[in-house]
Structure formats: C-alpha cells, structure tokens
Amino acid sequence: MDPNAIKKAVGDGLLSFPVTHFDSENKFNEAAYRDHVNWLAGFEASALFAAGGTGEFFSLNPAEIPAVIRAAKAAAGKTPIISGTGYGTSLAIDIARAAEKAGADGLLLLPPYLMFAEQAGLVAHVKAVCQSVGIGVIVYNRDNAILSADSIARLCDCPNLIGFKDGVGDVDRVIEITTKIGDRLVYVGGMPTHEVYAQAYFAAGVTTYSSAVFNFVPALSQRFYKALKAGDQKTVDQILKDFFFPFVALRNRKKGYAVSIIKAGLKVIGRDPGTVRAPLTDLSAEELSVLQAIVEANDQARLAAE
C-alpha cells in the first residue's frame with residue numbers, strides 16, 4: 001500500500017490491534033486468528049495493527065510474524081494491516097522486510113529492546129528501518145524510545161515515515177510535535193486503554209487512536225469514538241463511568257494485564273483466543289467474573305439509554 005494511502009487510512013477513523021490466538025500447545029492458531037480478524041473488520045476499523053503490542057509482538061518468534069501478517073491480510077478484506085516490528089536495528093529491519101513481503105500495508109516501529117539511547121541513536125534506528133522498506137512506517141513513542149520534536153522533524157526527511165504514535169502521556173510534548181510537524185504525519189494515540197485519555201489528546205490534535213477493547217466490544221468502542229468526535233459529552237461520560245473506569249481499575253490489579261485483560265474479554269464473550277504467553281499471566285477466575293460483570297453492566301446501561 002502506498003505510504004500516503006496508509007497515512008490517510010490511519011487518520012480516517014478508529015484503529016485497533018487484534019490479539020494473537022494460540023492453541024492448547026501455545027502455538028499460533030491461524031484459523032481462530034483469521035476468524036477474529038474477519039469479525040473485527042466488520043466493525044469499520046480504519047486499520048488493524050497485527051502482531052502489535054496487544055498482539056504479543058514481544059512473545060512472538062520473529063519467524064511467526066510473517067505468518068500472522070499473511071493470516072491477517074487474508075481475513076481483513078479491504079481493511080489495511082499494519083505489522084509490528086522492533087528490537088535492535090538489525091532485527092527490526094529483518095522483521096520489517098519479512099512483514100512487507102508477507103503483504104503488510106504499513107509498519108508500527110515499537111521501542112528497541114531494553115537499552116536507553118541518546119536522540120541521535122534513536123534517529124539513526126528509525127531512519128534505518130524506514131530506509132529498509134517501501135511501505136509506510138509509524139514510530140511508537142514510549143518507554144525507552146521517546147523522541148523529541150526536533151528528532152521527529154529530522155526524521156521527516158524519510159518519505160515513508162507517515163505517522164507518530166504516542167504511548168507516553170506527555171501531552172505538552174505531543175502538542176509541541178503536532179504544532180511543529182503539522183500535517184506531515186498522522187498522529188495516533190497509543191496509551192493503554194487510550195479511551196480514558198482521548199479527550200485530552202483530541203484537544204492536542206490527536207484525533208485517532210488504537211483501541212484495545214475493540215477486540216471484544218467493537219460496537220462499544222465505535223460508539224464511544226463517534227460520540228467523542230461529535231462532542232456528545234453525555235454519551236462519552238456514560239461509557240467512561242459504566243465501562244472504562246471499572247475496566248481500568250481491574251486492568252491495574254497486576255502487571256501485564258493491559259494485554260491479558262483483552263484476551264480475557266474475548267473469553268467472556270465466548271470467543272476464546274487462548275492464553276497469553278509467558279512471562280504474562282492470565283486473569284484469575286474471580287477477575288474473569290469481575291470483567292464479565294463490567295461487560296454485562298455496560299450492556300444494560302446501553303439498553304436503558306436506548
């Protein structure tokens with residue numbers, strides 16, 4: 001997909017990143033994954049991030065990633081597929097090229113493994129990945145890969161750098177970047193359960209984001225996003241209070257639950273994707289019951305509102 005075309009698609013609406021399905025032996029379950037991606041594609045996602053953070057990129061063997069991308073492309077219809085890539089520069093390039101060959105429409109460059117680096121090193125890393133492929137690249141600002149506005153401006157010399165995704169939550173930095181760079185890039189919100197931050201990011205000019213809960217409550221995710229864009233504060237507040245605030249409280253019980261709770265959500269609605277891979281842990285039976293109650297309470301609130 002042409003970089004400008006994927007840039008436009010990313011900016012056109014709500015995004016999500018499918019979980020990766022595993023079987024009873026913890027191997028990639030392609031059939032179940034295809035079914036899931038096909039189901040999500042029916043809820044008007046502008047693009048899907050396959051093998052991304054919620055897709056357990058960090059636990060996938062690099063050789064598994066092209067298989068995930070091919071499966072996603074086969075199931076997504078017209079919905080663009082953006083592949084995760086990351087780790088050190090050499091491995092990130094290998095994964096990026098393999099994902100491009102597998103049919104990915106774009107790339108999300110996740111932070112490199114473990115090491116903290118100076119801005120010059122981060123710029124060199126992002127530039128090397130961009131130069132290794134012909135498809136569009138979105139850089140993910142979070143953890144040990146936090147680029148300054150000046151660094152992002154330098155990287156805009158890469159014609160296929162098409163986006164900036166923020167997972168830090170420093171809105172002042174985001175405003176500086178969006179003001180300095182303008183429409184050269186598309187801007188994506190990437191905080192865990194970004195819906196609770198979305199109003200602040202909208203004010204900063206970041207009007208799209210990737211929704212993790214889209215995996216198991218896609219209709220709710222779209223209803224919230226459309227209410228947010230329309231300025232329907234009553235609906236926004238209702239969904240935050242009835243669903244997102246209790247959901248975040250449960251997510252915050254243990255480390256790694258930002259991913260685990262999404263797979264648990266699918267289990268709650270009868271679309272079990274299998275367990276998470278170590279070192280992550282699954283929700284307990286009690287926590288699953290709490291999550292089910294949150295989902296059911298939101299359904300009841302929606303019916304009452306209608």
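Which residues do ring pairs link into a cluster? The close-up views of this predicted model begin with that group.

**View 1. Ring pairs join Phe216, Phe224, Phe243, Phe244 and Phe247 into a cluster.** Take Phe243 and Phe247 as a starting point: their ring centres lie 5.5 Å apart with the planes at 15°, so this pair is stacked. The two residues are 4 apart in helix 10, which puts about one helical turn between them. Both Phe243 and Phe247 are buried.

**View 2. Here we look into the largest nonpolar core, a set of 103 residues.** Those with the most contacts inside this core are Leu161, Phe216, Phe224, Phe243 and Phe247. Helix 10 (residues 233–251) gives the most to the core, with 8 residues. Leaving aside neighbours within four places in sequence, Phe224 is in contact with several residues, among them Glu195, Tyr209, Val236 and Phe244.

**View 3. Phe202 and Tyr225 meet as an edge-to-face pair, one of 11 aromatic pairs found in the whole structure.** Their centres are 6.5 Å apart, and the angle between the planes is 80°. The pair links distant parts of the chain, with Phe202 in helix 8 and Tyr225 in helix 9, 23 residues apart. Tyr225 is buried, at a relative accessible area of 4%. Beyond residues up to four places away in sequence, Phe202 also touches others, including Thr207, Leu228 and Lys229.

**View 4. The charged end of Lys165 sits over the ring of Tyr140.** It lies 4.6 Å from the centre of that ring.

**View 5. The ring of Trp39 has the charged end of Arg271 over it.** Here the distance to the ring centre is 4.2 Å.

Key: Residues are numbered from 1 along each chain as its sequence is written. This is a predicted model: local features need pLDDT of at least 70, side-chain atom pairs count only at pLDDT 80 or more; totals for chains, interfaces and linings use all residues. Side-chain values use heavy atoms; hydrogens and water are left out. Contact means heavy atoms within 4.5 Å. A nonpolar core is a set of buried Ala, Val, Leu, Ile, Met, Phe, Trp, Tyr and Cys residues joined through side-chain atoms within 4.5 Å. Buried means under 20% relative accessible area, exposed over 50%, partly exposed in between (1.4 Å probe, protein chains only). Rings of Phe, Tyr and Trp (its six-membered ring) pair if their centres lie within 6.5 Å; planes under 30 degrees apart count as stacked, over 60 as edge-to-face and the rest as tilted. A charge sits over a ring if NZ of Lys or CZ of Arg is within 6 Å of the ring centre and within 35 degrees of the ring normal.
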